[in-house]
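I set out to record, step by step, what I looked up in this structure. The sequence and the model come first.

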Amino acid sequence: MPAMPDTAPFTADDHRHMARALQLAARGLYTTDPNPRVGCVIVRDGVVVGEGFHRRAGEPHAEVHALHAAAGRVAGATVYVTLEPCSHHGRTGPCADALVAAAPARVVVAMQDPNPRVCGNGIARLRAAGIAVDVGLLGSEAAALNPGFIARMAGGRPWVRLKLAMSLDGRTAMASGESQWITGPEAREDVQRLRARSGAVLTGIGTLLADNPALTVRPDTWCREAYGAAPVRQPLRVLLDRQLRAPADARLFDGPGPVLVACADAVAASAAGQARAGLLRARGAEVIGLPEASGAVAAGLDLPALLAELARREVNELLVEAGARLAGAFVQAGLVDELVVYSAPVLMGSQARPLLDLPVARMADRLPLVVTDVRQVGADIRMCARIQRAL
């Protein structure tokens, strides 16, 4: 979503304080879901008098924390906030009203809120109260903190991040299906961070039967740094299992956090399917039916319908950890927003399984990528990329 840039010039001090607000917002990377990550800085007479960030849904927003820290020193100050102050009553009161009551002279907003319940209303409320509002400073950086919130509010689906691990020759499993472990411990810990920031983690029945993953976030040292003494927030674990073949003793149904199993509508309605679903529900899972896919990706369930259902459940970011077939189906359906590929310095040979089941017959049909980040993680290389869409 555009940051709604303002014509007013921004000073070096404006940039510095908004950059600090973005740093604060990032501290909520693993904890604010389904709310956006937001930071706020209040400056009066060149001195920072209050800071805050949104920590968890249901708790005070960034502006409220910053106003409390400023302790009455807000009148005439400048407030820097990474997302438009909310103007509606949710689990907390409107931040726009709290700012109006505190009477700053100016509010600098990085980007407009894509939530239709806000979307310009907070800015309008501030301006109606005589507060100067400038919008668009470091808006792209603010948007990058909340890709899933923006995708859900503006597009009605989560941001889909596809995680892949491969050998240097592009293989993900041996011909037998053996795949643990291609990458090293540092890369696997990095994946824990991807899980922790996600509202849901998804895999398919093939991966479940081959690897028996738990898909939980492990409470390692980095988790204690991010969460402190609070319990680790576990994402929704989603299994695509068209025929309900999942064994009830799978590790997916152990441990903390909710589990959602999606099967075909016809299977959910059948007597045999209801019996199998009952076994999974007894393990604490929720089982739902989805339409089956049609056309080029007829191998599974209707993925857009799945994403719409996850958005309804307030999932902002979806991490897909699946085999070549399901991963390829997401790419082929045009539903992948970001790829995170870990490449290990090993060769697995021509008989091993490919990275994606993605039929491409001609060079003209290849999918170009825009690489956004490359770095070394332990002995492995991590590349983040987006598929370059046709204009």
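The entries below follow the order in which I consulted the structure.

**Entry 1: the status of the model.** I noted at the outset that this is a predicted model.

**Entry 2: strand 13.** I began with strand 13, which spans residues 338-344. I asked how many of its residues are buried. Seven of its seven residues are buried, so I recorded the strand as mostly covered, buried meaning under 20% relative accessible area. I then looked up which way the residues point. Glu338, Val340, Tyr342 and Ala344 point one way, while Leu339, Val341 and Ser343 point the other way. In a regular strand the side chains alternate between the two faces of the sheet.

**Entry 3: the partners of strand 13.** I next asked which strands pair with strand 13. Strand 6 (residues 159-167) pairs with strand 13 in the parallel sense, over seven bridges. Strand 16 (residues 380-387) runs antiparallel to strand 13 and is joined to it by five bridges. Val340 served as my reference point: Lys163 stands opposite Val340, and Val340 also stands opposite Cys384 in strand 16.

**Entry 4: salt bridges.** I looked up the count of salt bridges, which comes to 22. I examined three pairs and one network.

- Arg382 and Asp190 meet through their side chains in a salt bridge, at 2.8 Å from N to O. Arg382 lies in strand 16 and Asp190 in helix 7 (residues 185-197), so this pair ties together parts that are 192 residues apart in sequence. Both Arg382 and Asp190 are buried.
- Arg313 and Glu286 also meet in a salt bridge, at 2.8 Å from N to O. Arg313 is in the loop between helix 12 (303-312) and strand 12 (317-320), and Glu286 is in strand 11 (residues 286-290), with their positions 27 residues apart in the chain. Arg313 has 25% relative accessibility and therefore counts as partly exposed; Glu286, at 35%, counts as partly exposed as well.
- Arg312 forms a salt bridge with Glu309, with the closest N and O atoms 2.7 Å apart. Because Arg312 and Glu309 are three residues apart in helix 12, about one helical turn separates them. Arg312 is exposed, with a relative accessible area of 59%, whereas Glu309 is buried, with 17%.
- A network of salt bridges links Arg37, Arg161, Arg197, Glu317 and Glu338. I had already met Glu338 among the buried residues of strand 13.

**Entry 5: helix 2.** I turned to helix 2 (residues 62-70) and asked which of its residues are buried. They are Ala62, Glu63, Ala66, Leu67 and Ala70. These residues cover an arc of only 130° around the axis, which means that they are on the same side of helix 2. I then asked what covers them. The cover includes strand 1 (39-44), strand 2 (47-53), strand 3 (78-81) and helix 3 (95-102). Ala71 follows helix 2 and has a positive phi, near 50°.

**Entry 6: a surface patch.** Finally, I looked up which residues make a nonpolar surface patch. Val371, Val374 and Ile381 make one of about 240 Å². Val374 is found in strand 15 (residues 369-377). I asked why Val374 counts as exposed. Its relative accessibility is 53%, and exposed means over 50%, so Val374 qualifies.

Technical notes. Residues numbered from 1 in each chain as written. Predicted model: local features only at pLDDT ≥ 70, side-chain atom pairs only at ≥ 80, totals over all residues. Heavy atoms only, no water. Patch = residues over 30% accessible without salt bridge, like charges linked within 9 Å, V, L, I, M, F, W, Y side chains within 5 Å. Areas by Shrake-Rupley, 256 points an atom, 1.4 Å probe, with all protein chains shown as cover. Salt bridge = Lys/Arg side-chain N within 4 Å of Asp/Glu carboxyl O. Helix = DSSP H or I, 4+ residues; strand = E, 2+ residues; numbered from the N terminus. Buried < 20%, exposed > 50% of the residue type's maximum accessible area, 1.4 Å probe, protein only. Pairing = 2+ DSSP bridges. Arc of directions from axis to C-beta. Contact = heavy atoms within 4.5 Å.
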